[in-house]
Amino acid sequence: SAGKKTFVIGTYNETGAFIYGKPKGHPPLYNLSAVMSSQEVYIVEGEKDVDTLTDLGITATTNFDGAGRWSIDHYNPPLKGKDIILVPDNDTAGRKHMNVVGMSVMLVANSVKVLMLDGLPDKGDVSDWLNGGRSIVEFLALSSDAPPFSPDDAVPWRDRLLMSDKGVVEKIAKNVHIAFRHAPQFKNKLRFNLFTHTVEISDSG
């Protein structure tokens, strides 16, 4: 129905016939042949965005099955020595995903930058940005000026807090550490109780 995404998974066999179903083995990076022959590669979230940039003459790729599915063993090798530009979607899942990708590819890439596109709607992506009237010239200029990837800067600290299945911030030591490191104003408000293994919040200070 309208507004819903529909995906068909399959491969073409040696005769050119389409075979439905996930192929055997681990799926390769999308647009792999172009990636292998390019020095600069954009990593986006989703095949649609890869196709959008490809149509504009830009080499891009993405991993199979969306955010949270990056595989160091399978996706790092083709990116060895490349100049990588990460373009996250405008949502928590997208930023977290690109943070994982960035930490992975920085082990093998020549350089890694992150391009945070301004003016995106919630959950928006590079296709939305370009379809919203922004130009490829502007996109390339922003890419050129994009900062180097840093795990500490690529994802807002609040997005790195560990959440429960109900979307509530977990009261655990790791979250306290993140808050203390990036928001010093919380140092007099939070503490981790070693006996109860919970976070305690104080109204004083």
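**A parallel sheet and a nonpolar patch**

In this predicted model, Ile 43 has Thr 61 of β4 as its bridge partner. Right beside that, Tyr 42 finds its bridge partner in Ala 60, again in β4. These contacts belong to the pairing of β3 (residues 40-43) with β4, a parallel arrangement joined by two bridges. Helix α6 (residues 136-145) packs on the sheet and touches β3, β5 (83-86) and β6. The direction of α6 makes about 100° with that of β3.

Turning to the other partner of β3, the pairing with β5 is also in the parallel sense and runs over four bridges. Here Glu 40 stands opposite Asp 83 of β5. In general terms, strands of a sheet pair through backbone hydrogen bonds, in either a parallel or an antiparallel way.

Zooming out, the strands line up as β4-β3-β5-β6, an open sheet of four with parallel pairing. β4 (60-61) and β6 sit at the edges, each pairing on one side only.

Then there is the surface. Ile 72, Val 100, Met 103, Met 106 and Leu 107 make up a nonpolar patch of about 470 Å². Of these, Leu 107 lies in the loop between α4 (92-105) and β6 (111-114). Leu 107 counts as exposed because its relative accessible area is 62%, and the cut-off for that label is over 50%.

Definitions and conventions
Residues numbered from 1 in each chain as written. Predicted model: local features only at pLDDT ≥ 70, side-chain atom pairs only at ≥ 80, totals over all residues. Heavy atoms only, no water. Patch = residues over 30% accessible without salt bridge, like charges linked within 9 Å, V, L, I, M, F, W, Y side chains within 5 Å. Areas by Shrake-Rupley, 256 points an atom, 1.4 Å probe, with all protein chains shown as cover. Salt bridge = Lys/Arg side-chain N within 4 Å of Asp/Glu carboxyl O. Buried < 20%, exposed > 50% of the residue type's maximum accessible area, 1.4 Å probe, protein only. Pairing = 2+ DSSP bridges. Contact = heavy atoms within 4.5 Å. Axes fitted to C-alpha atoms, helices over the stretch in contact; angles between N-to-C directions.
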